[in-house]
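This report describes the fold of one protein and the surroundings of several of its residues. The sequence and structure are shown here.

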Amino acid sequence: MANRMLGIQKLLKAVLLALPIVAVVAFAETGAIYKIVGPDGQVTFSDTPPPNGNLEEVELAPINIQPIALPRQLPSRKLSPNGKNRDSGAVSIQIVSPINEATIPPGQTLIALEVQVTPAYPEGSSFYAVIDGQRWQGSSDGNALDISALERGTHTLQAVLVGSNGRVLAQSRVVTIYVKRPIARG
């Protein structure tokens, strides 16, 4: 009897754990959301239509998803015996976020242009962005630059690494992004 009770408890636990998954799958298949106005005027939303039929089906907009930049191996610095950085010659810069062909959704207010410099960020250097062929205001001596003020539309981005003397050390390849912003309706 005790073994049977233990078996029933395990079965019940498995069913209860699977129930949210079944509900999500069922909602994903139907995808209907209903706006229900109660007799007191209170509005509720549900994925189940009410029995009295007093409902309005709501059309949901597609979910906006921006892919994240994949993790990349950080550059390593090679140190000379006296502890100072060696001049390793050629340096490169690449944009790691946003990725090429990314869509920035309307709700995302922060847009950071993130770069990776290899083999190491040269001392005293900085980078700036070229957006749609024009230099963006500001620069960064780190690996990110705020470009949140971009207007809606399609934009091309490029990162330019400059040395402390202002000489161009490297340029990234051009990346295209699509910025979606809410439209103000009057």
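The sections below go from the overall composition to the core, then to individual strand residues and a patch on the surface.

## Overall composition

The model is predicted. Its secondary structure consists of one helix and 12 strands. In order from the N terminus, the elements run α-β-β-β-β-β-β-β-β-β-β-β-β.

The protein has 186 residues, of which 26% count as buried. Its accessible surface comes to about 13400 Å², and carbon and sulfur atoms hold 57% of this area. Among contacts with a separation of 6 or more, 54% join residues that are 24 or more positions apart.

## The nonpolar core

The largest nonpolar core contains 24 residues, and those that touch the most other members are I93, F127, I147, L161 and I177. At least two residues of this core come from each of strand 4 (92-97), strand 5 (102-104), strand 6 (112-118), strand 7 (126-131), strand 10 (153-162) and strand 12 (175-179). In soluble globular proteins, nonpolar side chains tend to be buried together.

The contacts of I177 can be listed once its neighbours within four places in sequence are set aside. They comprise P98, I99, A102, I104, L150, G153, T154, H155 and L157.

## Residues of strands 10 and 12

T176 is located in strand 12. Is T176 buried or exposed? T176 counts as buried because its relative accessibility is 18%, and the cut-off for this class is under 20%. Beyond four places in sequence, T176 touches I99, N100, E101, A102, T154, H155 and T156.

T156, one of these contacts of T176, belongs to strand 10. With a relative accessible area of 30%, T156 is partly exposed. Residues up to four places away in sequence again not being counted, T156 touches V130, I131, D132, G133, V174, V175 and T176. The C-alpha atoms of T156 and V175 are 5.5 Å apart, although 19 residues separate the two in sequence.

## The surroundings of Q158

Q158 also has its place in strand 10. A relative accessibility of 17% is the reason why Q158 counts as buried. Which residue offers a backbone oxygen to a polar atom of the side chain of Q158, at 2.8 Å? The oxygen is that of S172.

S172 also appears among the residues that Q158 touches when those up to four places away in sequence are not counted. The others in that set are I95, Y128, A129, V130, Q171, R173 and V174. Between Q158 and I93, the C-alpha distance is 9.7 Å and the sequence separation is 65 residues. I93 is itself one of the core residues named above.

## A nonpolar patch on the surface

Nonpolar side chains also appear on the surface, where V37, V43 and F45 form a patch. Together, these three residues have about 260 Å² of accessible area.

Within this patch, V43 lies in strand 2 (residues 43-46). V43 has a relative accessibility of 40% and therefore counts as partly exposed.

Methods:
Residues numbered from 1 in each chain as written. Predicted model: local features only at pLDDT ≥ 70, side-chain atom pairs only at ≥ 80, totals over all residues. Heavy atoms only, no water. Patch = residues over 30% accessible without salt bridge, like charges linked within 9 Å, V, L, I, M, F, W, Y side chains within 5 Å. Areas by Shrake-Rupley, 256 points an atom, 1.4 Å probe, with all protein chains shown as cover. Salt bridge = Lys/Arg side-chain N within 4 Å of Asp/Glu carboxyl O. Helix = DSSP H or I, 4+ residues; strand = E, 2+ residues; numbered from the N terminus. Buried < 20%, exposed > 50% of the residue type's maximum accessible area, 1.4 Å probe, protein only. Core = buried A, V, L, I, M, F, W, Y, C linked by side-chain atoms within 4.5 Å. Contact = heavy atoms within 4.5 Å. Polar contact = N/O pair within 3.5 Å; in protein donor to acceptor, adjacent residues only side chain to side chain.
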